[in-house]
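Please walk through the charged side-chain pairs of this protein, and then through the places where its backbone takes an unusual form.

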Amino acid sequence: MGTDMENNHRRPHISAVIFDLDGTLLNTEDVTKNIQKNFLAKYGKVQDSEKEKNRLGTTLKESVIAIVNDYDLPLTPEEYVQEILPMHHGMWLLAKPLPGANRIMRHLHKHGVPFALASNSLRKNIDGKISHHDGWKERFTVILGSDQVKSGKPSPDIFLEAAKRMGVDSSHCLVIEDSIVGVKAGKAAGMNVVAVPSLQNESESYSIADCILHSLLEIRPEEWGLPKFEDWVGNALPVEPIYLTGVFSNGFLQIYEDNGLPALPGQIWGLYIGWAKFDAQKVLKAVISVGWSLGGSGSQRKIQLCLINENHNEHHHDQKMQLLLVGYLGRSLTAGNRLDSLDVLDEDKVCADAALNLPAFSNKLCASFFNFKENAQE
């Protein structure tokens, strides 16, 4: 992963951007992932992760027909939708923007670059997912669901229609997608495609994309002829805070789920800076390396912490820790296509130590955030 710098001279000037929604801008797939598992259990069925993976990015109609057939449910597709869709509506309210989503949309809007939303969801469901995210609906030049075109992804119809409505030639559109189905649709439309895989450990399957990134934090608009970001503070980028709790031992954090939901989006990868707190102790500066541990039994999250200017790494074993990620280190952008975590270097510690003294990464916000969370858990 990481941005492909070698092909910059062959890239056309981009005039508009088209985003997917679920798994690209919002973590709706994370917050709804247990709904079907529990639903199937009512009928004595066990969810098959391989089948679910193959449905990623498909239209509602295609997905529902496949589910009813794959699990031999005693329901028609229509009955299945009537039973399960209300459960999804409630969970959509819990969906959060994925890292970098608000940043890229604000940036494009600020510079007058048109951008569209093209999802395989039904249009009414798209509205339900984005309506409580401030300014989202108003910023999109075009919003399209799969029910507004002849065929959903992997057909190129939805992307071609979005380009047509924006008045931009398809060759000058940049598609940003998380699913293989969406990547195929973008390429079939003759567009440039950036893949930000929801399935990080299967990024090789996205090889037809023009560029593969770990997260939207890695995107560099200037590589596509778009205005450059100007929000870096030295070698660190302020990010929307990500709060984690877990058990810290031997330099690693084993995170808890958040009310049964994944606490950390799959697209989070690289070097971060933040604030760590053990019970009844002061808040400590930290560099955090987030990656994946790849083994025969599958991939697992690997979160390594280096506490700065403290000798606590060796003295804390199996202790509860609170952690707030507040910044992203620029060295992550040069790491290339890898999933394992980066080693924390002395230069990262120096950069983090200096950045965490600045208002953009202030521990004042972090300390009050910790206190709020502690009170909420009492």
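The paragraphs below take the salt bridges and then the backbone.

The model is predicted. Side chains of opposite charge can pair when their charged atoms come close. With a cut-off of within 4 Å between a side-chain nitrogen of Lys or Arg and a carboxyl oxygen of Asp or Glu, the structure has 13 salt bridges.

One of the 13 salt bridges joins K153 to D20, with 3.0 Å between the closest N and O atoms. This pair links distant parts of the chain, since the two residues are 133 residues apart. D20 sits in the loop between β1 (16-19) and α1 (28-31), and K153 in the loop between β3 (142-144) and α9 (157-166). Are K153 and D20 buried or exposed? Both residues are buried. The pair also belongs to a network of salt bridges, in which D20 and K153 are linked with E177.

Two other salt bridges lie within helices. In helix α7 (residues 123-130), R123 and D127 are 4 residues apart, so about one helical turn separates them. Their closest N and O atoms are 3.1 Å apart, and the two form a salt bridge. R123 has a relative accessibility of 21%; buried means under 20%, so R123 counts as partly exposed.

Helix α9 holds a pair with the spacing of 4 residues, R165 and E161, which therefore are about one helical turn apart. Their side chains meet in a salt bridge at 2.9 Å, N to O. R165 has a relative accessible area of 44% and is therefore partly exposed. E161, with a relative accessible area of 22%, is likewise partly exposed.

The backbone comes next. K153 appears again here, as the peptide bond from K153 to P154 is cis, with omega near 15°. P154 lies in the loop between β3 and α9, where K153 is also placed.

Which phi value does D72 have, given that it is not a glycine? The phi of D72 is positive, about 50°. D72 is found in the loop between α4 (60-70) and α5 (77-92). Its relative accessibility is 58%, and the cut-off for exposed is over 50%, so D72 counts as exposed.

N250 is not a glycine either, and has a positive phi of about 55°. N250 lies in the loop between β7 (236-249) and β8 (252-255). At 52% relative accessibility, N250 is on the exposed side of the cut-off, which is over 50%.

Notes: Residues are numbered from 1 along each chain as its sequence is written. This is a predicted model: local features need pLDDT of at least 70, side-chain atom pairs count only at pLDDT 80 or more; totals for chains, interfaces and linings use all residues. Side-chain values use heavy atoms; hydrogens and water are left out. Buried means under 20% relative accessible area, exposed over 50%, partly exposed in between (1.4 Å probe, protein chains only).
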